[in-house]
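Good morning, colleagues. Please take a moment to look at the sequence and the structure on the screen before I begin.

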Amino acid sequence: VGIDPSANVLENPLLDEREQTGIEGYRAREPFDLVTLRMVVEHVPDPQACVAAIAQNARPGGVVVVYTPHKYSLLSIASALVPQRAHHALKSRLWGTEERDTFPAFYRMNTPGMLRRLFEAGGFRTLAMWLLDDATVFHSRPRLGPAELAFWSLTRRLRLPYPERNILAVFERA
């Protein structure tokens, strides 16, 4: 089942069921055992409503997996500083994306602490939380991709945090 306010969800061939709505407006026929939010929560304007809707649609013992950019990663900071109207032009130059794949970003639940507080207040327990380096920003650029990997390797050797990180979090509904 794919749930998204964008009409893009209607064209996704990998889904058995498609719902063009925000998570807050979705009601499952049966509770889910697994809910995934991959590169989603940075686009959520009302985190409490989102978590409440997930709790309503997940069975007790159901698992929620969140994979999202960290609020304080370089791309997230740049996204927050650049006016929304300029996002597509920049994304298109960097990654060749289409305008229909550019969405407003809010970063209201994009730190480990924010995620933990929101989900635990919403009736979940935290099973795991990891910060993962993301050295894929320039992966599609022939010269920049290898330079990015070399920089990532250097930060690892120097035991410095990589400036582009994602959060992988796993929660269980109580």
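I shall discuss a helix and its packing, then aromatic rings, salt bridges, a surface patch and some backbone angles. Please bear in mind throughout that this is a predicted model.

Let me begin with helix H4, which spans residues 112-121. Which residues of this helix are buried? They are Pro112, Met114, Leu115, Leu118 and Phe119. Viewed down the axis of H4, these buried residues fall within an arc of 160°, so they line one face of the helix. The general background is familiar: an α-helix has 3.6 residues a turn, so residues three or four places apart point the same way. On the face of H4 turned away from the buried side, we find the exposed residues Arg117 and Ala121.

Against what do the buried residues of H4 pack? Their partners are helix H1, residues 47-57, strand S4, residues 58-69, and the strands S5 and S6. S5 covers residues 124-133, and S6 covers residues 165-173. Just after H4 comes glycine 123, with a positive phi of about 95°.

One of the buried residues of H4, Phe119, leads us to the aromatic rings. The structure holds four aromatic pairs. One of them joins phenylalanine 119 and phenylalanine 124 in an edge-to-face arrangement, with 5.2 Å centre to centre and 75° between the planes. Both phenylalanine 119 and phenylalanine 124 are buried. Together with Phe171, Phe119 and Phe124 form one aromatic cluster.

I turn now to the charged side chains. How many salt bridges does the structure hold? There are seven, and I shall describe some of them.

In one salt bridge, the side chain of arginine 29 meets that of glutamate 17, at 3.0 Å from N to O. Arginine 29 sits in the loop between strand S2 (18-19) and strand S3 (32-38), while glutamate 17 sits in the loop between strand S1 (2-3) and S2, so the pair ties together parts that are twelve residues apart in sequence. Arginine 29 is exposed, with 73% relative accessibility, whereas glutamate 17 is buried, with 17%. The cut-off matters for glutamate 17, because buried means under 20% relative accessible area.

A further salt bridge joins aspartate 133 and arginine 156, whose closest N and O atoms are 3.9 Å apart. This pair links distant parts of the chain: aspartate 133 belongs to strand S5 and arginine 156 to helix H5, residues 144-157, with their positions 23 residues apart in the numbering. Aspartate 133 is partly exposed at 25% relative accessibility, and arginine 156 is exposed at 52%. As for the distance, 3.9 Å qualifies because a salt bridge requires the nitrogen and the oxygen to lie within 4 Å.

Salt bridges that share partners also join Glu11, Glu98 and Arg100 into one network. Within it, the side chains of arginine 100 and glutamate 98 meet at 3.2 Å, N to O. Arginine 100 is partly exposed, with a relative accessible area of 39%, and glutamate 98 is likewise partly exposed, with 46%.

The surface also has a nonpolar patch, formed by Phe151, Leu154, Leu158 and Leu160, with about 370 Å² of accessible area together. Leucine 158 lies in the loop between H5 and S6 and is exposed, at 53% relative accessibility.

That loop between H5 and S6 also contains arginine 159, which brings me to the backbone. Most residues other than glycine have a negative phi. Arginine 159 is not a glycine, yet its phi is positive, at about 60°. Arginine 159 is exposed, with 77% relative accessibility.

Tyrosine 107 likewise has a positive phi, of about 55°, although it is not a glycine. Is tyrosine 107 buried or exposed? At 10% relative accessibility, tyrosine 107 is buried. Tyrosine 107 lies in the loop between helix H3, residues 84-95, and H4.

I close with threonine 102, in the loop between H3 and H4. Threonine 102 is buried, at 16% relative accessibility. Leaving aside residues up to four places away in sequence, threonine 102 touches Gln84, His87, His88, Lys91 and Thr97.

Thank you for your attention.

Note on methods. Residues are numbered from 1 along each chain as its sequence is written. This is a predicted model: local features need pLDDT of at least 70, side-chain atom pairs count only at pLDDT 80 or more; totals for chains, interfaces and linings use all residues. Side-chain values use heavy atoms; hydrogens and water are left out. Helices (H or I, at least four residues) and strands (E, at least two) are DSSP runs, numbered from the N terminus. Buried means under 20% relative accessible area, exposed over 50%, partly exposed in between (1.4 Å probe, protein chains only). Patches are made of residues with over 30% relative accessible area and no salt bridge: like charges are joined within 9 Å, nonpolar side chains (Val, Leu, Ile, Met, Phe, Trp, Tyr) within 5 Å. Accessible areas come from the Shrake-Rupley method with a 1.4 Å probe; for residues, only the protein chains shown count as cover. The arc is that of the directions from the helix axis to the C-beta atoms. Contact means heavy atoms within 4.5 Å. Rings of Phe, Tyr and Trp (its six-membered ring) pair if their centres lie within 6.5 Å; planes under 30 degrees apart count as stacked, over 60 as edge-to-face and the rest as tilted.
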